[in-house]
Structures are given as structure tokens and as C-alpha cells.
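Grab a pencil and try these short exercises. Each one has a task, then a solution you can follow step by step.

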Amino acid sequence: GVVVIAERVFIGHEEIEKIVMPASLTTLKNGAFYGCTSLKEIKFSSSLNFIGDAVFGECTSLTEFTLPASVQYIHSEAFYDSTGLTSFSVESGNPNYISQDGVIYSADMTNLICYPAGRTGESFTVPDSVEVIASGAFAFNASLQSVSLGYVREIGERAFMSCTSLSGVSLPETVETVYEEAFYGCTGLQTLEIAEGVQTFG
């Protein structure tokens, strides 16, 4: 049976509404279903363990997503610009990831992996245990106006890219590194407070 779906195989297939994956499937490579704008339902293989970058990018009809227990790795930008997503969940028994309040984290809650781009809340408080905001974690969320960053040490590339309603950000003293384009396209951003501890910005 099929084990791997290669990069960009179904890119732009706007007619696809449902995917049923074969039991043998283990790997979804980068951009596999990118731009499948009508996709609403996914039936996963119980063998799936790898979901690459932008696999479900611009799948704008997806409104919720449950990460299977079998998945050992999901790229933090797997849902790049999928602005219909309002909530994530993770099946119990997944050793590497958990969900809390609709957000995907590493199982130890030190990495915030993915915040739904279509979530409508105006504010969000990052849990105190989180040290790393993954690349693209909050990208394309147009509702967020403020984020409290707790004790974060690292903010990944494109972490808040195109969060157009974000108006002010205060980087806590714990932040050491802010990577490239972390706030790119944040057109509403009026204030960015940078604490003493920041060593690398962009």
C-alpha cells in the first residue's frame, strides 16, 4: 500500500472535499494538500507518524483538526494560512503532543506549536511553562490584538506573521532570541517593547 504522499502532489486540487488515507500511510510530505480549499474532512491512517511543512496550507474550509495519537512529528506550519481553523485537538495517547484550549503544544508544554489561524479571541496568554513559540505558530490570525508571552525564551520565524490586528507586544526579560520575520506583516502593530535580555532580534 501507499506509505508516503510526496511533496505538493495534490496542490491546488480545489475539488477535494474529503480525504480517506490508507492504513499503510506513514508520511505526508511538504505541501501535499496545499491549496485544497474545499477540504473539510480527513480520515487518518492509524500508521501516520509524520506531517510536513504546509501539508494542509491554505486549506481554508478546514474548521477543526484532531492530531492522531500515532503522529510523532508535525511541522508547526503544517496549516500555513488555513484561516478557517478555529480549534485543534490531539488524540489521547500521543506521546509528543497535547492540546489545551484548542492549541497544540509539545507534550511537556515547553513548546507552543500551533494556534488556530481562524480563532476569534482578541487576547491570549501563553502558559508559564512555554519556552519556545514555534515558527509560524500564530501566523495569519487576524483577530488577536494582544498576547501575553509569559516566560518565553525564543520566538520562531514568522511566529506572528500577518497577525494584522496585533497592536502591541511586550517581550519579557526571559526572551533571548527573536527569529526572522517574527512580526512580518503585523500592519496594526503600534508598540513593540523589547526587554534587556533580548540578545538576537531577526
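## Exercises on a predicted model

To begin, the protein exposes about 9,100 Å², and carbon and sulfur atoms supply 45% of that area. Keep in mind that this is a predicted model.

**Exercise 1.** Find out how many helices and strands there are in the protein, and work out why it counts as compact as a globular protein of its length.

*Solution.*
- Step 1: Count the elements: you get 19 strands and zero helices.
- Step 2: Take the radius of gyration, which is 17 Å, and set it beside the 17 Å that the globule rule gives for 202 residues.
- Step 3: The two values are close, so the protein is as compact as a globular protein of that length.

**Exercise 2.** Say what share of the 202 residues counts as buried, and what share of the contacts links residues 24 or more positions apart.

*Solution.*
- Step 1: Buried means under 20% relative accessible area; 47% of the 202 residues count as buried.
- Step 2: Now look only at contacts with a separation of 6 or more: residues 24 or more positions apart account for 27% of them.

**Exercise 3.** Work out which residues glutamate 193 touches, leaving aside those up to four places away in sequence.

*Solution.*
- Step 1: Locate glutamate 193 in strand S18, which covers residues 191-194.
- Step 2: List its partners: Val169, Ser170 and Leu171.
- Step 3: Check one pair: glutamate 193 and valine 169 are 24 residues apart along the chain, yet their C-alpha atoms are separated by 6.2 Å.
- Step 4: Look at side chains: those of glutamate 193 and serine 170 make a polar contact (3.5 Å).

Note on methods: Residues are numbered from 1 along each chain as its sequence is written. This is a predicted model: local features need pLDDT of at least 70, side-chain atom pairs count only at pLDDT 80 or more; totals for chains, interfaces and linings use all residues. Side-chain values use heavy atoms; hydrogens and water are left out. Helices (H or I, at least four residues) and strands (E, at least two) are DSSP runs, numbered from the N terminus. The radius of gyration is taken over C-alpha atoms; the globule rule is 2.2 Å times the number of residues to the power 0.38. Buried means under 20% relative accessible area, exposed over 50%, partly exposed in between (1.4 Å probe, protein chains only). Contact means heavy atoms within 4.5 Å. Accessible areas come from the Shrake-Rupley method with a 1.4 Å probe; for residues, only the protein chains shown count as cover. A polar contact is a pair of N or O atoms within 3.5 Å; within protein, one must be able to donate a hydrogen and the other to accept it, and residues adjacent in sequence count only if both atoms are side-chain atoms.
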